[in-house]
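Biologist: I have a new model on my screen and would like to understand the labels people attach to it. Could you take me through them?

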Amino acid sequence: MTPRLALDGDLDTDVAIVGAGLTGLWTAHELLKRDPGLRITVLEKNIAGFGASGRNGGWCSALFPASTTALEKKHGREAALAMRRAMVSTVDEVGAVAAAAGIDCDYERGGTIVFARSDAQWRAAQHEVDVARGYGVDALELWGAERVHARDARGAVYDPACARLHPAALVRGLARTVEQQGAVIHEQTTVESWQPGLVRTDRGAVRARYIITALEGYGATVAQSKRRILPLYSLMVATQPLDDEVWQAMGIAHGQTFSDGRHLVIYGQRTADNRIAFGGRGARYHWGSAIRSEYDRVERVFEHLVATLHELFPQLPPLEVEHAWGGPLGVPRDWHASVTYDPDSGLGGAGGYVGDGLSTTNLAGRTLADLVTGRDTELTRLPWVGHRSPSWEPEPLRFIGANAGLVAMTAADAEERATGRASLIARAMGGLIGH
C-alpha cells in the first residue's frame with residue numbers, strides 16, 4: 001500500500017500522537033469524539049498499524065497482562081474488579097465502534113476455549129473458574145472432556161469475553177476513520193525525541209500542547225524510553241482454508257479462539273475464510289532490545305507451530321503454511337500495562353500490553369481522551385492509570401533474564417508433563433510476570 005505523506009517541515013498542532021498503532025489511533029478517535037475542533041497530528045515511522053496492532057493473533061479479549069488476583073494484591077479488591085469489568089465491556093465496545101464506523105474487520109464474539117490437557121492443567125482450570133466465580137465478574141464455564149476435541153483434553157475453560165477479528169483490517173479502517181474525523185496522519189516520519197510542547201522528528205519539529213506516546217515495543221528504539229519496555233517477539237502462521245468438516249472435528253466454531261494451559265503461550269483462531277491463524281512465543285529476545293525485519297521470520301519456530309497444531313488436533317489433514325510472519329510485542333518490567341498523563345507537562349502515553357493489547361488499546365484511548373480533556377470518570381480512576389513500571393536492567397542482565405524466562409516456561413511445561421503436578425518453576429516465575 002502507498003504510504004501517507006510524510007511530515008514536511010515544522011508544524012503547530014493541538015495534540016501530537018507518536019505512533020499510528022491502535023493506541024494512538026483509538027486516542028485520536030476518542031479525543032475527536034469529545035472535541036471535534038482539536039487539531040490532531042499522528043506521527044508514524046512506517047505505516048499505520050505496521051507493528052503489533054496489525055500483526056497480532058486477532059483476539060479481542062478481556063485479558064489484562066496482570067491477573068485480577070495480582071491486581072487485587074497491588075491495588076485492592078474493588079480496583080481489581082473495576083479493571084476486570086472495564087476489560088470485559090471493552091470487548092463489546094470495539095465491535096460496536098467498528099460496526100458504527102463501517103470497519104469490516106471480521107469481528108465475531110465467539111469466546112475463547114482454553115484446553116486443559118494434563119491433570120495439572122485441569123486442576124488449574126478448575127481453580128481459575130472457582131476464583132472467577134468468587135469475584136462475580138466473569139461468566140467463565142468449565143467444559144468437560146465430552147465437549148472438547150483436543151488431544152488428551154480433560155476439559156476446557158470457556159470464556160465468552162473474546163471476539164475473533166482481523167487486526168490489520170481493524171487498524172487500517174480505524175486510520176481512515178480518524179482521518180475522516182479530521183486528524184492528520186504523517187507516515188514515513190521518524191520521531192527522535194519529545195519533551196513538553198515539542199516533538200522532534202527527522203522531517204521537522206511539531207509543537208503541541210498535548211503529546212501522547214504510543215509506541216509499545218518500538219519504544220525500545222528511542223533513547224529516552226529504551227529501558228521502559230522490552231520487545232519480545234511472537235510469531236504466527238496461517239494455513240490453507242480448511243473444510244467445515246475439519247473444523248467440526250476440531251470442535252472450533254466461527255468466531256472462536258483457542259489455546260491450552262501450557263506456560264509457553266500459544267494462541268489460535270478460526271478466520272472468517274476458515275484458515276487456522278496460529279501463533280506462539282518461543283523466539284528469543286535480541287541483544288540491546290534490537291528490532292529488525294529479519295527477526296520476523298524464524299523457520300524453526302514456524303515449523304514448531306505447525307507441529308504443535310498437529311499435536312493439539314491429530315484429526316487435522318496435512319497443513320500448508322500460506323502465510324508466516326512475526327513481530328515484537330511490548331513487555332514492561334513488571335508485566336503491568338499502564339496509562340500515564342501529566343496535566344502540567346501535557347505528556348501522556350499508554351502501553352505494556354504483553355500481547356493482550358487488541359482490546360486494551362481501545363480502553364487506553366478512551367482513558368487518555370478523558371485525561372487530556374480533564375474529565376474525572378470511572379476510566380480515569382482505574383488502577384492502571386498512573387502506574388509506573390520499573391525500568392529493565394541494562395545489558396547483559398536484560399538479555400540473560402529475558403531469554404532465561406523463555407527457557408523456564410519451556411522447562412515448566414516439561415516439568416508438568418513429567419510430574420503431573422503444577423510446576424514449581426512456573427510458581428517461582430509467577431511473581432516476575434504479574435501472576
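Biologist: Leaving aside its neighbours within four places in sequence, which residues is Asn274 in contact with?

Modeller: Before I answer, please keep in mind that this is a predicted model. Asn274 touches Gln240, Pro241, Leu242, Asp244, Trp247 and His254. Asn274 itself sits in the loop between strand E14 (266-270) and E15.

Biologist: What makes Asn274 count as buried?

Modeller: Its relative accessible area is 11%. Buried means under 20%, so Asn274 earns the label.

Biologist: And Glu216, why is that residue called buried?

Modeller: The cut-off is again under 20%, and Glu216 has 18% relative accessibility, so Glu216 counts as buried. You will find Glu216 in the loop between strand E11 (204-213) and strand E12 (230-239). Beyond its neighbours within four places in sequence, Glu216 is in contact with Ile229, Gly330, Gly351, Gly352, Tyr353 and Val354.

Biologist: What makes the approach of the Glu216 side chain to the backbone nitrogen of Tyr353 a polar contact?

Modeller: The side chain of Glu216 comes to 2.9 Å from that nitrogen. A polar contact needs a pair of N or O atoms within 3.5 Å, one able to donate a hydrogen and the other to accept it. The distance of 2.9 Å is within that limit, so the pair fits the term.

Biologist: Val354 is on the contact list of Glu216. What is noted about the phi of Val354?

Modeller: Phi of Val354 is positive, about 50 degrees, although Val354 is not a glycine. Val354 lies in the loop between strand E18 (347-351) and H9. With 5% relative accessibility against a limit of under 20%, Val354 is therefore buried.

Biologist: Asp152 also has a positive phi. Is Asp152 buried, partly exposed or exposed?

Modeller: Asp152, with phi near 60 degrees, is in the loop between strand E5 (141-144) and strand E6 (155-159). Its relative accessible area is 48%. Buried is under 20% and exposed is over 50%, so Asp152 falls in between and is called partly exposed.

Biologist: How do you know that Thr257 is buried?

Modeller: Its relative accessible area is 0%, which is under 20%, so Thr257 is buried. Thr257 belongs to strand E13 (residues 257-260). Its side chain makes a polar contact with the side chain of Thr112 at 2.6 Å. Apart from neighbours within four places in sequence, the residues in contact with Thr257 include Trp59, Cys162, Arg164 and Gln269.

Biologist: Now the rings. How many aromatic pairs does the structure hold?

Modeller: There are nine aromatic pairs. One of them joins Tyr285 and Phe399, with 6.2 Å from centre to centre and 55 degrees between the planes.

Biologist: Why is the pair of Tyr285 and Phe399 called tilted?

Modeller: Ring centres must lie within 6.5 Å to pair, and 6.2 Å meets that. Planes under 30 degrees apart are stacked and those over 60 are edge-to-face; 55 degrees is neither, so this pair is tilted.

Biologist: What does the pair of Tyr285 and Phe399 tie together?

Modeller: Tyr285 lies in the loop between strand E15 (276-280) and helix H8 (299-312), while Phe399 is in helix H10 (residues 397-419), so the pair ties together parts that are 114 residues apart in sequence. Tyr285 counts as buried at 0% relative accessibility, whereas Phe399 counts as partly exposed at 24%. Phe399 also forms a tilted pair with Trp287, at 5.6 Å centre to centre and 50 degrees between the planes. Trp287 is in the loop between E15 and H8, 112 residues from Phe399.

Biologist: Which residues form one aromatic cluster?

Modeller: Phe115, Phe258, Phe278 and Phe313 do.

Biologist: Last, the helices. At what angle do H1 and H6 pack?

Modeller: Helix H1 (residues 22-34) and helix H6 (residues 167-181) pack at about 30 degrees, their axes 9 Å apart. Their crossing is left-handed. By class, the contact has 10 nonpolar, three polar and one charged residues.

Terms used
Residues are numbered from 1 along each chain as its sequence is written. This is a predicted model: local features need pLDDT of at least 70, side-chain atom pairs count only at pLDDT 80 or more; totals for chains, interfaces and linings use all residues. Side-chain values use heavy atoms; hydrogens and water are left out. Axes are lines fitted to C-alpha atoms, for helices over the stretch in contact, and angles run from 0 to 180 degrees between N-to-C directions. Helices (H or I, at least four residues) and strands (E, at least two) are DSSP runs, numbered from the N terminus. A crossing is left-handed if the near helix is turned anticlockwise from the far one by less than a right angle, and right-handed if clockwise. Ala, Val, Leu, Ile, Met, Phe, Trp, Tyr, Cys and Pro count as nonpolar, Asp, Glu, Lys and Arg as charged, and the others, Gly among them, as polar. Buried means under 20% relative accessible area, exposed over 50%, partly exposed in between (1.4 Å probe, protein chains only). Contact means heavy atoms within 4.5 Å. Rings of Phe, Tyr and Trp (its six-membered ring) pair if their centres lie within 6.5 Å; planes under 30 degrees apart count as stacked, over 60 as edge-to-face and the rest as tilted.
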